[in-house]
Structures are given as structure tokens and as C-alpha cells.
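The following exercises concern salt bridges and a pocket lining. Each task is followed by a solution in steps.

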Amino acid sequence: MSKVIVVTSGKGGVGKTTSAAAVSAGLAMRGHKTCVIDFDVGLRNLDMIMGCERRVVFDFINVIQGDAKLKQALIKDKRIDTLSVLPTSQTRDKDALTKEGVKQVLDELREEFDYIVCDSPAGIERGAHLAMYFADEAIVVTNPEVSSVRDSDRVLGLLNSKTHIAERGDGSAIRAHLLLTRFDNRRSASGEMMSVEDVLDILAIPLLGIIPESQTVLKASNVGMPVVMDDKSAAGKAYTEAVGRLLGEQIEIRMDVGERRGLWQRLMGRTA
Amino acid sequence: MFGFSFRPRKANSAQTAKERLQILLAHERGSGSSPEYLPILQKEILEVVRRHLKVADDAVDIRLERGDDLSSLEINIEVPTGGASTATQN
Ligand SMILES: Nc1ncnc2c1ncn2[C@@H]1O[C@H](COP(=O)(O)OP(=O)(O)O)[C@@H](O)[C@H]1O
Ligand SMILES: [Mg+2]
């Protein structure tokens, strides 16, 4: 049975698109037929992170409005053959996204894919609402920082009330996972940033993984490669493990996930 | 321009990022988000093909690859006789 997973957060810039790209690529690398959809209408970015921006012909909105068939808009990844991208439109018309349209596209995708990953826009408006509305599971992307944690709590409230599953009213709920990203072990250890335990205490949902703040993420976005494909990097490994946990594997969560710093950096980098 | 830059040509990821953006933005600034003519082109191709063959609505598949000085447009049409005909234009 296929699963729709929304990657959401409320706050912008926390790592949703990075995570949607990494998780979808990670699932596809494990052999699951996976499609990742950009719900950020007007600010298309997922195509760049996935490295397929030069091949966009039709988009999600074209499909909803009947100007293109779904299979004409899907872009097959050239590196991972079980992975497809459904890019969004650059239109400024936010009403282009409709609940019926989204449902139709997701229903059609469910017939072909094992996993459908929805990259939510920031905020709690239409785009974010529709990205989560039909989801079976949610990955709540959070940084260890007050406004991000607060927004995640708000989003968890919406997941539990304003979604298809919640509205059924039979007590069933979306399975929500916490993905802590841009985590800096050193700043957390020094008390400068909230710890993993602090965030877990407040949000009280299971932890899917901890993604370290890492240079590799920027490099991966420069070249359009989901960071999970870089299996040597700390961030890539952390995403690979998070995908394993999403698939139900018992993988211990390591806390020492910071980038390793050389002696020279440690001596010189106190202020950096 | 003239002469040459003393800065060595960067073969790093930032250079790749710049090149990708230049290609993408050149296309986006020129024609809006996705080229407006594509849905029309698709419709017209279907009309022409249908004068000769019975094909389904989703039988036309348009693929585009944007390049810096050359883009390629690939049009695939599934025809019901079992074989598919392909036309590629550059
Ligand atoms: N683990 C990380 N380490 C370093 N930078 C990161 C990490 N995750 C995301 N970023 C950077 O943060 C910025 C916002 O990320 P993005 O995934 O676009 O967030 P969102 O989709 O939530 O707005 C990007 O510049 C991205 O490269
Ligand atoms: Mg984003």
C-alpha cells in the first residue's frame, strides 16, 4: 500500500526542502518507487535541489488544471530510476491549488508509487494545509531554536485537527515524526542551543533522526544532488539512518552527530 | 571582453551552482515560468497526428532539456499500432 508523507514545519528555512529531497531519494535508493512533490507554489525550488530544473516542462498546477497529464509532468531522476519529481508552478495565483485537484493527483500517484513525499511550503496557509491534508504520515522538521519549536507545535496541532485522517473523527491520527535538523552538537553541549531532550520534552513525538549542521548540505544543493546520496558525509549518513527508521528499522540514534573538527580548527575556531 | 581573468577558473560546487542558475534564469526571464507555448504545441501536434492516426489524449510526451546555448525538445508520440514513432528536434 502506498504512503503519503508530508514534510512540514511552519517555519521557513529549517530544512524542509533539503529533507524532502533527501528522504525521497533515500527511499528510492532502497528500491521503493517514490515521487516527491513540490507544494511551494510560486517559489519553485525542489527542482533545483533535485537537479532536474532544466527538464521541467509541465508542473503540478498544469496537471490540476487539466493542461497536462500526470505522466507528462513527472520528471524521472537520471541517477535513481525509482525516483520521480513533480515540480510546482511559478504562478502567483495561490488559488491554483485546490483540494479536489490535489486529491486527484495523489490518488493517481498512489496507483504507481510506494511513497509520495510532499514538500510543504512554510506557513500555515493554503499550500501548507493542502500539503498535509491527505498525508498518512508527517515528518516535522525542527531546528533547536525557540521559534522553530513553537511553529512545529502549532503544526502538530493542525496535523491532529485539520487533516483528512483527523476529520474522520474515528480517533485515528497521522503518524508524526520529529526530524531535528541543522543540529550543532557543540552549541547544544555548551548550552547555547536547546538539546535534543529539550525539544523532545516539549514536542513529545518520536524522533526520526538528528541531522547535523553541515557544509555538505550547501555543496549538495549547489550541484543539485540530494545530500543523502553523499554517503560519506555526516548529514548524508544521518538522512540514510532516518530513512531506515521511517521504514521501521531499529537504528540507534547517535548524539555525536556534529561535523568532526580537526585539531587546528578546534584551536582556531573557538569564535567561528 | 579582452585579456583574461587572473582568477583561476573555479571547478568547485559554487561554480556549478552559478552556471545552473544562469541557464535556468535565462530561460525563466525570457518566457515566464514554464514556456507558455508548450501546452499549445502539444495540442496542435495532437490535432495534426489525429488527421492520420487515432491516438489518446495522453499519447504525446514532451521532454525538454535546457542548455546554455542549445536546448533540446523531444516529442514522443505513442501510436496504437504497437510501434511508437519518435521525432526529435534540436
Ligand atoms: N543540515 C543542514 N546543514 C546546513 N545547512 C542546511 C541544513 N539543512 C538545510 N540547510 C540550509 O538551510 C537553508 C534552508 O533549507 P531548506 O531545505 O530550503 O528549508 P525550507 O524548505 O524549510 O525553507 C538552505 O540554504 C539549506 O542549504
Ligand atoms: Mg522549502
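**Exercise 1.** Which strands each supply at least two residues of the lining of the second largest pocket?

*Solution.* This is a predicted model, in which local features need pLDDT of at least 70 and side-chain atom pairs count only at pLDDT 80 or more, while totals for chains, interfaces and linings use all residues. Residues are numbered from 1 along each chain as its sequence is written, chains are lettered from A and ligands numbered from 1 in the order in which they are written, and side-chain values use heavy atoms, with hydrogens and water left out.

Step 1. A pocket is an open set of points on a 1 Å grid over the protein atoms alone, where a 1.4 Å probe fits, with protein on both sides within 12 Å along at least five of seven lines; its lining residues have an atom within 4 Å of a point.

Step 2. Strands are DSSP runs of E with at least two residues, and helices are runs of H or I with at least four, numbered from the N terminus. Chain A contributes β3 (75-76) and β4 (83-86), and chain B contributes β1 (60-65) and β2 (72-78). With three residues, β1(B) gives the most to this lining.

**Exercise 2.** Describe the volume and lining of the second largest pocket.

*Solution.* Step 1. The volume, the space filled by probe spheres set on grid points joined across faces, edges and corners, is about 380 Å³.

Step 2. The lining has 18 residues, and the closest to the pocket centre are R55(A), L74(A), I75(A), K76(A) and R63(B).

Step 3. By class, 10 lining residues are charged (Asp, Glu, Lys and Arg), five are nonpolar (Ala, Val, Leu, Ile, Met, Phe, Trp, Tyr, Cys and Pro), and three are polar (the others, Gly among them).

**Exercise 3.** What is the salt-bridge partner of R63(B), and is each residue buried or partly exposed?

*Solution.* Step 1. A salt bridge places a side-chain nitrogen of Lys or Arg within 4 Å of a carboxyl oxygen of Asp or Glu. R63(B) pairs with D61(B), their closest N and O atoms being 3.1 Å apart.

Step 2. Buried means under 20% relative accessible area, exposed over 50%, and partly exposed in between (1.4 Å probe, protein chains only). At 25%, R63(B) is partly exposed, whereas D61(B), at 19%, is buried.

**Exercise 4.** Why does the salt bridge between E53(A) and R20(B) join two chains?

*Solution.* Step 1. The closest N and O atoms of E53(A) and R20(B) are 2.9 Å apart.

Step 2. E53(A) lies in the loop between α2 (46-50) and α3 (60-64) of chain A, and R20(B) in helix α1 (residues 13-31) of chain B, so the pair joins two chains.

Step 3. E53(A) is buried at 3% relative accessibility, and R20(B) is buried at 7%.
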